[in-house]
Amino acid sequence: MNSLFSTKSFKAIAALVLALTISLPVCAQTHYKPHLSIGVKGGMTMSKMSFSPSVKQSFSNGSAGAVTFRYTEEKLFGLIAELGWAQRGWKENFEDSPCQYSRSLTYIKLPILTHIYFGSPRFKCFVNLGPEFDYMIADNISSNFDYRNPFEADGFPTKARMTEQMSMDIKNKFDYGITGGIGIEFYLTPRNSLTLEGRYYFGLGNIYPAAKADTFSASRNTSIEITLGYNFRLK
């Protein structure tokens, strides 16, 4: 019941975010001069999976980067589209055991975000919010034991532990979700700026089958992303 409620709630939120993303630029006051910028960004991710039943995890670290396109009105808000990649996944937490297992899922991502900003011509704070669409291009497992037969490994913790997720094949390579971030932008010149942003992603799709008879009712990506970017204003 909780899993069903959570899925319905996040899908409703996703629809609302998408509507806001589309509608806000349409409502812009056109007497402000628009700006168009292109940029690049790169940084790191810290990821876990939202599993149900739960799995003991710690953060898995990876990389992220993108080419960015930004359209802004001169005052308050605009629209951002990005094309990039992000490494997500999870790292199993075996506590005091010497066993190690992590799984890195690399995605091509396309977020479309409403961009709300405020501040001075030299320094601005901003909030980004909107839907994101991803496609997995790589699945890499790192382990120091035979994860297909984990209970045969020396020192493997056997008490009340899910293990199926370590050897299951990814069923759904396509993912979608909600992403939001806050950050700062510093203008080196009127056309050149640097950004620092922290962003959170919550996936609404499951990487494993999620029917009633399947092992997991939920297996969703969650990720924190921290990036440094450079933007150049074309006009």
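**Exercise 1. Decide whether Arg-70 is buried or exposed in this predicted model, then do likewise for the acidic residue that pairs with Arg-70 in a salt bridge.**

Solution. Start with Arg-70: its relative accessible area is 8%. Buried means under 20%, so Arg-70 is buried. Next, find the partner. The side chain of Arg-70 meets that of Glu-185 in a salt bridge, with 2.9 Å from N to O. Now place the two residues: Arg-70 belongs to strand S3 (residues 60-72) and Glu-185 to strand S7 (residues 174-189), so this pair ties together parts that lie 115 residues apart in sequence. Finally, apply the cut-off to Glu-185: with a relative accessible area of 2%, Glu-185 is buried.

**Exercise 2. Work out which strands are linked by the salt bridge between Arg-88 and Glu-132, and classify both residues by accessibility.**

Solution. Begin with the distance: the closest N and O atoms of Arg-88 and Glu-132 are 2.9 Å apart. Then turn to the strands. Arg-88 sits in strand S4 (residues 77-92) and Glu-132 in strand S6 (residues 123-143), so the link joins distant parts of the chain, 44 residues apart. Last comes accessibility: Arg-88 has a value of 2% and counts as buried, and Glu-132, at 1%, is buried.

**Exercise 3. Take the salt bridge of Asp-139 with Arg-103 and say how buried or exposed each partner is.**

Solution. First, the geometry: 2.8 Å separates the closest N and O atoms of Asp-139 and Arg-103. Second, the location: Asp-139 is in strand S6 and Arg-103 in strand S5 (residues 101-119), distant parts of the chain that are 36 residues apart. Third, the accessibility: Arg-103 is at 3% and counts as buried, whereas Asp-139, at 31%, counts as partly exposed.

**Exercise 4. Widen the view: how many salt bridges are there, and which residues do shared partners join into one network?**

Solution. The count comes to eleven salt bridges. Some of them share partners, and in this way Lys-41, Glu-82, Glu-197 and Arg-199 are joined into one network.

**Exercise 5. Find where the pLDDT stays under 50 or is below 50, and set this beside the mean for the chain.**

Solution. Take the chain as a whole to begin with: its mean pLDDT is 88, and 86% of its residues reach 70 or more. Then look at residues 1-5, where pLDDT stays under 50 and the model has three contacts beyond four places in sequence. The other stretch to note is residues 23-30, also with pLDDT below 50; the model gives this stretch eight contacts beyond near neighbours in sequence.

Note on methods: Residues numbered from 1 in each chain as written. Predicted model: local features only at pLDDT ≥ 70, side-chain atom pairs only at ≥ 80, totals over all residues. Heavy atoms only, no water. pLDDT = per-residue confidence, 0-100. Contact = heavy atoms within 4.5 Å. Salt bridge = Lys/Arg side-chain N within 4 Å of Asp/Glu carboxyl O. Helix = DSSP H or I, 4+ residues; strand = E, 2+ residues; numbered from the N terminus. Buried < 20%, exposed > 50% of the residue type's maximum accessible area, 1.4 Å probe, protein only.
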